[in-house]
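This text goes through a structure in two steps, the ligand site and then some points of backbone geometry. Please keep the sequence and the 3D view at hand.

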Amino acid sequence: MAGEGEAVSQRARIRAFRPEDIPELVSIAEESFQAASWSRESYEELCKSEGFLGFVSERAGRVSGFVVGRQAADEGEILNVAVRRENRRKGEGQALLSAVLEQLHRRGVKRVYLEVRESNENAVAFYQEQGFAKTGRRPGYYREPEEAAVLMEKKLTG
Ligand SMILES: CC(C)(COP(=O)(O)OP(=O)(O)OC[C@H]1O[C@@H](n2cnc3c(N)ncnc32)[C@H](O)[C@@H]1OP(=O)(O)O)[C@@H](O)C(=O)NCCC(=O)NCCS
């Protein structure tokens, strides 16, 4: 049976992020141009910051996907989520998001929000499937290329 912070999604195993995963996170994000593309240094800073949460999925001992977020008081934010191209549509993204949402819920978070590129319809569909609803739009929010952000939110109850 999976322990706390672990879940099994087909053959993928979800575990807590470790700083030594950072090179894999950078490489997964690089093959996902729609995901936020941060440097190794940005992840190093982020994982030391207050309220940071992260999980990775592994297949055959190799990191296959990740989710990073943060908590500030009773609000949570999903900062980035990506799964290796060849492993998509196998429930891994959903398992990663569930892990981070469960941890936020346990920490007393009531509302989780995120921003996503407007053209990233796959991710919008993915988040909607996980219970996030569109709450707004921020024109010109992203650079390279410039694009609007869709704002999405999920209330955590129970
Ligand atoms: C978004 C992403 C993380 C989803 O990961 P995933 O492991 O493929 O997602 P799952 O298999 O858990 O999908 C769960 C459900 O979400 C929805 N969904 C996922 N990908 C979808 C897509 N491309 N189109 C439409 N719906 C999609 C479906 O309802 C899916 O269930 P189904 O496969 O039974 O139909 C992945 O596509 C990815 O890495 N994309 C590039 C990075 C990115 O855009 N990240 C978001 C940045 S904000």
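Which pocket does the ligand take up? In this predicted model, the ligand fills the space of the largest pocket. A shell of 22 residues surrounds the ligand, and Val81, Arg89, Gly93, Gln94 and Asn120 are the closest of them. By class, nine of the shell residues are nonpolar, eight are polar and five are charged.

Three elements, β5 (75-83), α3 (92-106) and α4 (121-129), each contribute at least two residues to this shell. The largest share comes from α4, with six residues.

Several backbone atoms approach oxygen atoms of the ligand. A polar backbone atom of Val83 is 2.8 Å from a ligand oxygen, and a backbone N or O atom of Gly91 is also 2.8 Å from a ligand oxygen. For Gly93, the distance between a polar backbone atom and an oxygen atom of the ligand is 2.7 Å. On its own the ligand has 920 Å² of accessible area, of which the protein covers 80%.

Now to the backbone geometry. Arg89, one of the closest residues to the ligand, lies in the loop between β5 and α3. Its phi is positive, about 60°, although Arg89 is not a glycine. Arg89 counts as exposed, because its relative accessible area is 85% and the cut-off is over 50%.

Ala60, in the loop between β3 (52-59) and β4 (62-72), is another non-glycine residue with positive phi, near 50°. Ala60 is exposed too, at 86% relative accessibility.

Finally, the peptide bond from Glu144 to Pro145 is cis, with omega near -5°. Pro145 belongs to the loop between β7 (133-142) and β8 (147-155).

How values were computed
Residues are numbered from 1 along each chain as its sequence is written. This is a predicted model: local features need pLDDT of at least 70, side-chain atom pairs count only at pLDDT 80 or more; totals for chains, interfaces and linings use all residues. Side-chain values use heavy atoms; hydrogens and water are left out. A residue is near a molecule or strand if one of its heavy atoms lies within 4 Å of it. A polar contact is a pair of N or O atoms within 3.5 Å; within protein, one must be able to donate a hydrogen and the other to accept it, and residues adjacent in sequence count only if both atoms are side-chain atoms. Accessible areas come from the Shrake-Rupley method with a 1.4 Å probe; for residues, only the protein chains shown count as cover. On a 1 Å grid over the protein atoms alone, a cavity is a set of points where a 1.4 Å probe fits but cannot get out, and a pocket is an open set with protein on both sides within 12 Å along at least five of seven lines; lining residues have an atom within 4 Å of a point. A molecule sits in a cavity or pocket if more than half of its atoms lie within 2 Å of its grid points. Helices (H or I, at least four residues) and strands (E, at least two) are DSSP runs, numbered from the N terminus. Ala, Val, Leu, Ile, Met, Phe, Trp, Tyr, Cys and Pro count as nonpolar, Asp, Glu, Lys and Arg as charged, and the others, Gly among them, as polar. Buried means under 20% relative accessible area, exposed over 50%, partly exposed in between (1.4 Å probe, protein chains only).
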